[in-house]
Each structure stands twice: as structure tokens, then as C-alpha cells.
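Please find below a note on the model under review. The points are meant to be read alongside the coordinates.

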Amino acid sequence: MKKWLALSFFVLNLMGCSNSNEMDGEKPPKVQIELANEAYETKLGTYCWSDNKVNTCVDMAGPVELLADKKPIEALPGEKVTIKMDYEPKPNEMYITQFNANEKNKETDIHLRDDQFTVPKEKGIYYYSYSVWWMDGEDATVSKGDALYAFVLKVN
């Protein structure tokens, strides 16, 4: 899955964003996670976005490097995490990858159901990459925008 995600971002960044399908705002929308009734900001990473006929693509480090100076969000084993994006239209492709810092950043694809996933049961530090795409409904090869959001959890 890692290679597929990296290849997808590379191809979409090469294609750029379609001017005929502009998105609102200068950047992709903010994303928060909700955990134990508390909201936390995520960090925007790599993205491509089109606004006012201007295409912007920004390449950033991966989630571990992007969050090197961030304090992990405290979580309990088995808790539910909800991903919140207050933006329409919603992205039509979404993937989340977990990087386990305890196992040399071993990658695991995480299943999202109703914008939720479950915190691992094992204690440790876990980095997450939430990748989203707004694909054109008429041309599946055209991206209206894409973004990667990162956050880190510490399971106690």
C-alpha cells in the first residue's frame, strides 16, 4: 500500500489540479481528529490545490519528520478516533496509514469506517498519515485537489 500511495501522490502531483474544477480556499481545508470528546488539529503536509485559476503544489516531509517537534496526543488503547473535515464537497478517496515508532516506523493501512478508526491496544507512539483526494466526477484521471494530513498518538 505504501508504494501505491506514494505513486498515486506522485502521479496526481504531476497531473496537477484542474483549473476547470477549482476548489474553495487557498489551501486544502483543515482537518481535526476527535478523541475522548476533545478536538485536535492535524498538520497539513504535501498537497495540490487549485484556487482562482492558480495551481499550487507543495511537497513536504512524511508524517514522522513533519511531526518531529509535536507533542503526541494522549490516547487510551481501543479508543475511537473520529476524523473531522468541515468542507464541501468531501473528498471522494481517503486512506489512512499508521507508522509504529516502536517498530522502526512499520507501516499499517488502517480501515476507516464512518470517518473513524480504533486506537491500537499496544502502548507506544503511532504516527498517522491521512491522505485524501477530490477526484473529478467526469474524468477519473483529473484531481481537483489532494492533501496529506498528519498527527501522532501516544497510547498509554
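The numbered points below concern confidence, overall composition, the strands and one serine.

1. Status and confidence. The model is predicted, and the comments that follow should be read accordingly. The average pLDDT of the chain is 87, and 86% of the residues score at least 70. The reader's attention is drawn to residues 3-20, where pLDDT stays under 50. For that stretch the model has 38 contacts beyond four places in sequence.

2. Composition. The chain contains 2 helices and 11 strands. Their order along the sequence is α-β-β-β-β-α-β-β-β-β-β-β-β.

3. Burial, surface and contacts. Of the 156 residues in the chain, 42% are buried. The exposed area of the chain is about 8,900 Å², of which carbon and sulfur atoms supply 49%. Where contacts link residues at least 6 apart in sequence, 72% of them join residues at least 24 apart.

4. The four-stranded sheet. In which order do the 4 strands of the open sheet lie? The order is S2-S1-S6-S9, with antiparallel pairing. Strand S2 (38-41) and strand S9 (116-118) are the edge strands, and each pairs on one side only. On average, neighbouring strands of this sheet are turned by 30 degrees against each other, direction ignored. As a general matter, strands of a sheet pair through backbone hydrogen bonds, either parallel or antiparallel.

5. Pairing of S1 with S2. Strands S1 and S2 run antiparallel and are joined by 4 bridges. Ile33 has Tyr40 in S2 as its bridge partner. The two strands form a hairpin with 2 residues between them, in which Ala36 takes a positive phi near 50 degrees. A reviewer checking backbone torsions may wish to look at Ala36 in this hairpin.

6. Pairing through S6. Strands S1 and S6 are antiparallel and share 5 bridges; within this pairing, Glu34 stands opposite Thr82 in S6. Strand S6 (residues 80-85) also pairs with S9 in the antiparallel sense, over 3 bridges. Here Lys80 has Thr118 in S9 as its bridge partner.

7. The two faces of S1. Which side chains of strand S1 (residues 31-35) are buried? Val31, Ile33 and Leu35 point to one face and are buried, whereas Gln32 and Glu34 point to the other and are not. In a regular strand, side chains alternate between the two faces of the sheet. Two of these residues also appear in the pairings above: Ile33, on the buried side, is the partner of Tyr40 in S2, while Glu34, on the other face, is placed opposite Thr82 in S6.

8. The S7-S8 hairpin. Strand S7 (residues 93-100) and strand S8 (residues 106-110) form an antiparallel pair over 5 bridges. Gln98 is positioned opposite Thr108 in S8. There are 5 residues between the two strands of this hairpin, and Lys104 in the turn has a positive phi of about 55 degrees.

9. Ser143. Is Ser143 buried or exposed? Ser143 belongs to strand S11 (residues 143-155). Its relative accessibility is 1%, and therefore Ser143 counts as buried, the cut-off for that class being under 20%. A polar atom of the Ser143 side chain lies 3.1 Å from the backbone nitrogen of Gly145.

Notes:
Residues numbered from 1 in each chain as written. Predicted model: local features only at pLDDT ≥ 70, side-chain atom pairs only at ≥ 80, totals over all residues. Heavy atoms only, no water. Pairing = 2+ DSSP bridges. Axes fitted to C-alpha atoms, helices over the stretch in contact; angles between N-to-C directions. Buried < 20%, exposed > 50% of the residue type's maximum accessible area, 1.4 Å probe, protein only. Contact = heavy atoms within 4.5 Å. Areas by Shrake-Rupley, 256 points an atom, 1.4 Å probe, with all protein chains shown as cover. Polar contact = N/O pair within 3.5 Å; in protein donor to acceptor, adjacent residues only side chain to side chain. pLDDT = per-residue confidence, 0-100.
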